[in-house]
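Me: Hi! I'd like to learn how to read a structure like this one, step by step. Could you guide me through it?

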Amino acid sequence: MSAWSTLPGWTHGAITILGLAAVTALSRGFFLWSKRDLRLPDALQRALQVAPLAAIVAVTAPEIFLTHGELIGSWRDARLPAALAATAFYAWRPGVLGPLLAGLAVYMPLHIGLGW
Amino acid sequence: MLAFGPGLAAWGLVTGVAMTQSGLGVGLSILMSLTVYAGSAQLASLPLLASGAPMWVIWASAFCVNLRFVIFSSQWRVHLGHLPRRRRLALGYLLADLNLVVFQKAWPDRAVHRTGQARYAAGGAAAVWSVWQVSSLAGILLSSFVPLSWGLGFAGTLSMLGIAYSLLNDRTAWVAAVVSAAAAVAAFALPLKLNILVAIAAAVAASLVMAKAGPAAERGA
């Protein structure tokens with residue numbers, strides 16, 4: 001997550017966020033609009049099921065593996081050991097918070113202490 | 001419902017921290033928390049916002065993250081379909097993942113509408129909304145004192161990692177995740193953060209191919 005330098009300003013951010021609020025309303029209300037019973041074809045339903053996972057992975061993977069658009073070239077990067085720690089914790093105890101705290105416990109000392 | 005309180009509060013806190021620490025100011029973080037009210041979509045939008053991706057790419061990505069709600073909404077329709085449209089849309093907007101989990105525990109029969117269900121759903125929505133907003137606002141305000149140089153924004157990425165792992169239920173999901181990660185990294189040089197949409201499309205295509213090949217492959221195995 002880089003600096004906020006590329007943002008053209010507060011208004012732009014606010015419009016983007018209000019658009020995201022509309023996206024929430026659209027998705028949560030999708031089948032509440034019509035009174036009629038709408039059924040999704042099976043293939044479409046299956047596609048919809050993997051899309052959220054795909055979107056989350058698509059955003060996350062570059063945040064872990066890339067630096068300025070290039071694959072991480074140095075092992076002195078706190079993100080990889082932190083992601084590994086989070087992964088190991090998940091394998092031990094699935095959840096969101098446990099792996100997050102395990103990852104941060106590795107990330108913060110390396111990043112703040114050693115500047116990785 | 002009470003049993004979910006601590007987990008929900010912790011999750012809200014983390015999302016609050018991740019918003020401010022991604023460089024979104026306190027004001028925009030509060031606006032996002034109060035209006036967007038969808039944790040995973042908020043987290044996924046943060047790196048895109050920070051890198052200056054166009055609005056439509058951010059909205060499209062968030063919609064993909066939110067597609068599960070489209071499926072949920074067809075379930076809510078059974079129970080809320082009798083309400084006037086405005087009320088069912090307003091209530092639907094406030095119904096998060098946790099609401100459906102709790103609701104279906106209380107009313108296990110998914111095909112039948114019963115009186116009292118809309119009121120139950122509204123109560124659940126109010127409870128989840130309050131806990132989420134209080135904890136998220138606490139995260140925003142507390143972490144606004146932490147310097148960005150500490151890199152606490154990486155908490156958002158680590159949370160998404162955990163969410164992604166929890167969605168890896170079967171072989172199709174694994175394939176979709178691997179395809180998506182590879183495509184997002186390989187296509188990173190595309191302008192406008194289009195690598196995200198390319199990756200989602202590639203993963204969905206892969207899962208459709210697997211669904212077609214799946215029955216045949218299982219027969220052969």
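Me: How are α1(B) and α9(B) oriented to each other: roughly parallel, roughly perpendicular or oblique?

Reply: Happy to help! This is a predicted model, in which local features need pLDDT of at least 70 and side-chain atom pairs count only at pLDDT 80 or more, while totals for chains, interfaces and linings use all residues. Residues are numbered from 1 along each chain as its sequence is written, and chains are lettered from A and ligands numbered from 1 in the order in which they are written.
Now the general idea: axes are lines fitted to C-alpha atoms, for helices over the stretch in contact, and angles run from 0 to 180 degrees between N-to-C directions. Angles under 35 degrees count as roughly parallel, over 145 as roughly antiparallel, 65 to 115 as roughly perpendicular and the rest as oblique. Here the axes of α1(B) and α9(B) cross at roughly 135° and come within 7 Å, and α1(B) and α9(B) are therefore oblique to each other.

Me: Which residues make that contact between α1(B) and α9(B)?

Reply: Two residues are in contact if their C-beta atoms, placed from the backbone, lie within 7 Å. From α1(B) come Val14(B), Val17(B), Ala18(B) and Gln21(B), and from α9(B) come Ala155(B), Gly156(B) and Ser159(B). For classes, Ala, Val, Leu, Ile, Met, Phe, Trp, Tyr, Cys and Pro count as nonpolar, Asp, Glu, Lys and Arg as charged, and the others, Gly among them, as polar. This contact has 4 nonpolar, 3 polar and no charged residues.

Me: At what angle do α1 and α2 of chain B pack?

Reply: Helix α1 (residues 5-21) and helix α2 (residues 26-35) of chain B pack at about 140°, and their axes are 9 Å apart. That makes α1(B) oblique to α2(B). Handedness is read this way: a crossing is left-handed if the near helix is turned anticlockwise from the far one by less than a right angle, and right-handed if clockwise. α1(B) passes α2(B) in a right-handed crossing. Gly16(B), Met19(B) and Thr20(B) of α1(B) meet Val26(B), Ser29(B), Met32(B) and Ser33(B) of α2(B).

Me: Is Ser136(B) buried or exposed?

Reply: A residue is buried if 20 or more other C-beta atoms lie within 10 Å of its own, exposed if 12 or fewer, and partly exposed in between, with C-beta atoms placed from the backbone. Ser136(B), in helix α8 (residues 117-143) of chain B, is buried, because 28 other C-beta atoms lie within 10 Å. Leaving aside neighbours within four places in sequence, Ser136(B) is in contact with Gly12(B), Leu13(B), Thr15(B), Gly16(B) and Ser33(B). Ser136(B) and Gly16(B) are 120 residues apart in sequence, yet their C-alpha atoms are 4.4 Å apart in space.

Me: And where does Leu40(A) sit?

Reply: Leu40(A) is in the loop between α1 and α2 of chain A. With 14 other C-beta atoms within 10 Å, Leu40(A) is partly exposed.

Me: How many helices and strands does chain B have?

Reply: Helices (H or I, at least four residues) and strands (E, at least two) are DSSP runs, numbered from the N terminus. Chain B has 11 helices and 0 strands. Of its 221 residues, 46% count as buried. The C-alpha trace of chain B spans about 60 × 55 × 30 Å along its principal axes.

Me: Into which domains is chain B divided?

Reply: Domain bounds come from an automatic or database domain assignment. Chain B is divided into domain 1 (1-167) and domain 2 (168-221), and the centres of these domains, taken over C-alpha atoms, are 25 Å apart. In contact there are 11 residues of domain 1 and 10 residues of domain 2 of chain B.

Me: How many residues of chain A are in contact with chain B?

Reply: In chain A, 64 residues are in contact with 83 residues of chain B. α2(A) gives the most to the side of chain A that touches chain B, with 20 residues. By class, that side has 46 nonpolar, 13 polar and 5 charged residues.

Me: What does α2(A) do beside α10(B)?

Reply: α2(A) packs with helix α10 (residues 171-186) of chain B at an angle of about 40°, with axes 8 Å apart. α2(A) and α10(B) are therefore oblique to each other, and their crossing is right-handed. The residues of this contact divide into 14 nonpolar, 2 polar and no charged.
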